[in-house]
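Glad you could join me for a look at the charged side chains of this protein. Shall we see what pairs up with what?

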Amino acid sequence: MREAMMPVYGPPEVVFERGEGVRLYSSEGKEYLDFIAGISVNCLGHAHPKLVKTLQEQSEKLWHLSNMFRVPEGERLSERYAADTFADRVFFTNSGTEAIECAIKTARKYHYVNGNVDKIRIISFEGSFHGRTLGAVNAGANPNYREGFGPAMEGFTHLPFDDVDAFNAAMGEDVAAVLIEPVQGEGGCREVPEEFLKLIRKKCDEFGALVIYDEVQCGAGRTGKLFAYEWFSDVNPDIIAVAKGVGGGFPLGACLTTEEAAKGMKPGSHGSTYGGNPLAMAVGNAVWDELTSDGFLENVQRVSAVLTQSLSSLVDRYPDLVDGLRGKGLLRGLALKIDPMKIRMKALDKGLLVGTAGGQVVRLAPPLIVNDDDVFQAINVLDTCLAEVQAESQKEGSA
Ligand SMILES: *Cc1c(COP(=O)(O)O)cnc(C)c1O
């Protein structure tokens, strides 16, 4: 019975009962290969034995304390994030949109305590998605996500993607921060060119603005590095927002900042009842153990190459249907010349879960533990789906 659900989603009929690794099982016992992983969330697949054990053990000790008290597992996780990234300070959240809120607030507060009270403008880009809270929909590019929710908030500017002239023209003394996903997720799995990230870093330094990366979707090992910005040199951010993969399926996000950027955030500046709770912190540490274990990311890079090659062959073989390949690592988009929903629903029928994204893209974001055979199986299904669509359109053409 779905009638009591607020109708903001439109899921298909299938009901999944359990998962194991990269596979899901429906209530009717059918097996599915999961190449979307809760939209880039279940980075270690479903029911990973170490995550299950960690959550079970923690659930018998402590669930919740509030931030009135220390949570040693959280202190440990923040130290590990700091040790493995550019960051010095961490604020834990329960979601990506809260991590974005914290990032925007941290940036504005930074300028405020520096005496620059008018330095509030946040620049973001076409195709970006930053979450669904009011602040995040105002930062995000999609006007549909703002429509009907009151007046547009002041202090947000949306620019075309990778447009050097527009960016140079928009930068000014009132800019608090530039907010960008190094690899766009929902916008169509688009990778931002390194040169553009470098330009952003340079201009922000020139104008005393901060660089915020939204790595909610492309972080946590998804591109084959812990965070996507690590692929490039000289583009370190001041702040990043992370979530999705870092919790492996448990609600967890974080805002990571340098010590300098965090300088406005004092006791009372910000908070969250559940952020940093013992359950999330225990799981977060277990996920980090795996992501940083020997050879894990190297394997992601290796499988990514297999996926890239296999997807490229689809691009070559279906020039009438496929426009090109996008994205990075295990966040890939197959840009189509047809409605990607057509492929997504056909794939579902054939036991493969994929997503869609902006710009007519079929989005792939499998668990990071996929192996070569899983990739070949997924590509075979996509191949069959494309062949069917091609045959159907030829039939229509000749009819
Ligand atoms: C999913 C997503 C968010 C929002 O995360 P929630 O956990 O849904 O609040 C923000 N930014 C990006 C890039 C995302 O993909």
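Here are some questions and answers on salt bridges in this predicted model.

Q: How many salt bridges does the structure hold?
A: A pair counts when a Lys or Arg side-chain nitrogen is within 4 Å of an Asp or Glu carboxyl oxygen. By that criterion, the number of salt bridges in the structure is 23.

Q: Is E290, the salt-bridge partner of K50, buried or exposed?
A: The side chains of K50 and E290 meet with N to O at 3.0 Å. K50 sits in helix α2 and E290 in helix α8, 240 residues apart. K50 is partly exposed at 48% relative accessibility. For E290 the relative accessible area is 12%, and buried means under 20%, so E290 is buried.

Q: Which helices are tied together by the salt bridge of D372 with R302?
A: The closest N and O atoms of D372 and R302 are 3.2 Å apart. In sequence, the parts they tie together are 70 residues apart. R302 belongs to residues 296-317 and D372 to residues 372-398, so the helices are α9 and α11.

Q: What is the relative accessible area of K263, the partner of E260?
A: E260 and K263 form a salt bridge, with 3.9 Å between the closest N and O atoms. E260 counts as partly exposed, at 44% relative accessibility. K263 is also partly exposed, and its relative accessible area is 34%.

Q: Which residues are joined into one network by salt bridges that share partners?
A: Here the salt bridges have partners in common, and that joins their residues into one network. Its members are K346, K350, E388 and E392.

Technical notes: Residues numbered from 1 in each chain as written. Predicted model: local features only at pLDDT ≥ 70, side-chain atom pairs only at ≥ 80, totals over all residues. Heavy atoms only, no water. Helix = DSSP H or I, 4+ residues; strand = E, 2+ residues; numbered from the N terminus. Buried < 20%, exposed > 50% of the residue type's maximum accessible area, 1.4 Å probe, protein only.
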